[in-house]
Amino acid sequence: MLALDTRTIESCTVLIVDDDNVSRTVISTILSDLCQCVTVSNAPDALNYCKQQKPDLLVVDVNMPEMNGLNLCKAIKHDDDLDDIPLIFITGNVSKESQLQCWESGGNDFVSKPVIAQTLIHRVRNQLLSKLRMDALTTLTFHDSLTGLLNRNYLKQEYPRLSRQLMRDQQPLGVILFDIDYFKQYNDHYGHLYGDQCLERVAKILQQHGRRSRDAMIRYGGEEFLAILPDADMTATRKIAQNIVKAVYDTNIPHVQTVHSRVTLSAGAISTKAFDQDSLEDILDLADINLYEAKLNGKNQVVCK
């Protein structure tokens with residue numbers, strides 16, 4: 001069953017960005033009992049850190065050389081992979097114009113200098129609590145409650161953004177549609193409780209094979225699963241599909257109603273770059289045609305073309 005995110009504020013990572021070493025040390029010391037703190041001295045290093053290891057919150061000095069805090073915030077908010085990171089500004093200028101610039105750049109809050117410890121702690125705690133609540137809500141919205149895999153809501157929300165990224169980078173998209181063979185007979189023979197356990201075990205195998213950060217393993221409906229594999233050509237897509245089908249077979253989940261006496265998968269797979277011509281529905285239809293052929297050919301196999 002899906003477990004909600006039980007992270008605490010103490011486990012959250014706050015990235016502190018300030019060109020002044022003393023200021024970084026002071027802010028880090030103030031927050032050290034509240035959360036995990038990481039410090040960098042400039043905006044480019046902050047962007048690199050966020051892309052490699054996404055923090056839960058940024059605390060950023062507005063006035064820095066080369067790239068200031070406002071421009072750093074704009075860069076964060078214009079990056080599809082980073083735009084949900086909240087950001088608190090530290091600023092020595094609390095004029096109306098300065099405050100407006102903080103909001104317009106995408107900041108979530110600001111703290112004036114000299115920094116009052118309890119004010120900073122209070123505002124960081126509030127932002128982290130909101131982030132944890134939003135993460136939990138996202139988990140409920142975009143994950144299947146039985147298997148913990150992503151669901152159709154995620155696919156509908158994320159595919160447009162993903163397709164734009166792949167078109168921009170001229171990368172293919174691998175799509176695999178899986179179906180558990182003879183699953184109705186499994187439920188009829190073993191009961192729906194064991195049917196749910198079977199779905200969970202198959203889902204776990206899919207998760208183990210979706211190892212890259214952008215791979216998405218989705219419960220598509222009933223006993224159908226979907227793998228979305230960015231930057232996977234036909235060869236790579238076919239190989240991943242074959243590995244998953246073999247892994248389910250090797251797990252040897254008993255199913256006396258089949259010729260193999262175990263649970264098996266059939267899979268239809270494709271790889272495409274035709275994002276500007278085919279909608280997601282068109283791409284899934286092609287995968288479904290291949291899945292249907294795999295079923296006709298005897299099941300427990302992959303058709304990829």
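Four aromatic pairs turn up when the whole structure, a predicted model, is searched. One of them brings together F142 and Y154, whose rings meet edge-to-face. A pair of aromatic rings is described by the distance of the centres and the angle of the planes. For F142 and Y154, the centres are 6.2 Å apart and the planes make an angle of 80°; this angle counts as edge-to-face because it is over 60 degrees. The pair links distant parts of the chain, since F142 belongs to helix α5 (residues 117–142) and Y154 to helix α6 (residues 152–169), with the two positions 12 residues apart in numbering.

How buried or exposed are these two partners? F142 has a relative accessible area of 17% and is therefore buried, the limit being under 20%. Y154, at 23%, counts as partly exposed.

Other aromatic residues also have company. F183, Y186 and Y190 come together in one aromatic cluster. Two tyrosine rings are met by arginines: the charged end of R152 sits over the ring of Y220, 3.9 Å from its centre, while R262 lies over the face of Y249, 4.0 Å from the ring centre.

Stepping back to the whole protein, the secondary structure consists of 10 helices and 10 strands. The C-alpha trace spans about 75 × 40 × 25 Å along its principal axes. Of the 305 residues, 48% are buried. Among contacts between residues at least 6 apart in sequence, 66% join residues at least 24 apart. The protein exposes about 15500 Å², and carbon and sulfur atoms supply 48% of that area. Finally, the 32 positive and 40 negative charges have mean positions 3 Å apart.

How values were computed: Residues numbered from 1 in each chain as written. Predicted model: local features only at pLDDT ≥ 70, side-chain atom pairs only at ≥ 80, totals over all residues. Heavy atoms only, no water. Phe/Tyr/Trp six-rings, centres within 6.5 Å; stacked < 30°, edge-to-face > 60°. Helix = DSSP H or I, 4+ residues; strand = E, 2+ residues; numbered from the N terminus. Buried < 20%, exposed > 50% of the residue type's maximum accessible area, 1.4 Å probe, protein only. Lys NZ or Arg CZ within 6 Å of the ring centre and 35° of its normal. Contact = heavy atoms within 4.5 Å. Areas by Shrake-Rupley, 256 points an atom, 1.4 Å probe, with all protein chains shown as cover. Lys, Arg positive; Asp, Glu negative; His and termini not counted. Charge placed at Lys NZ, Arg CZ, Asp CG, Glu CD.
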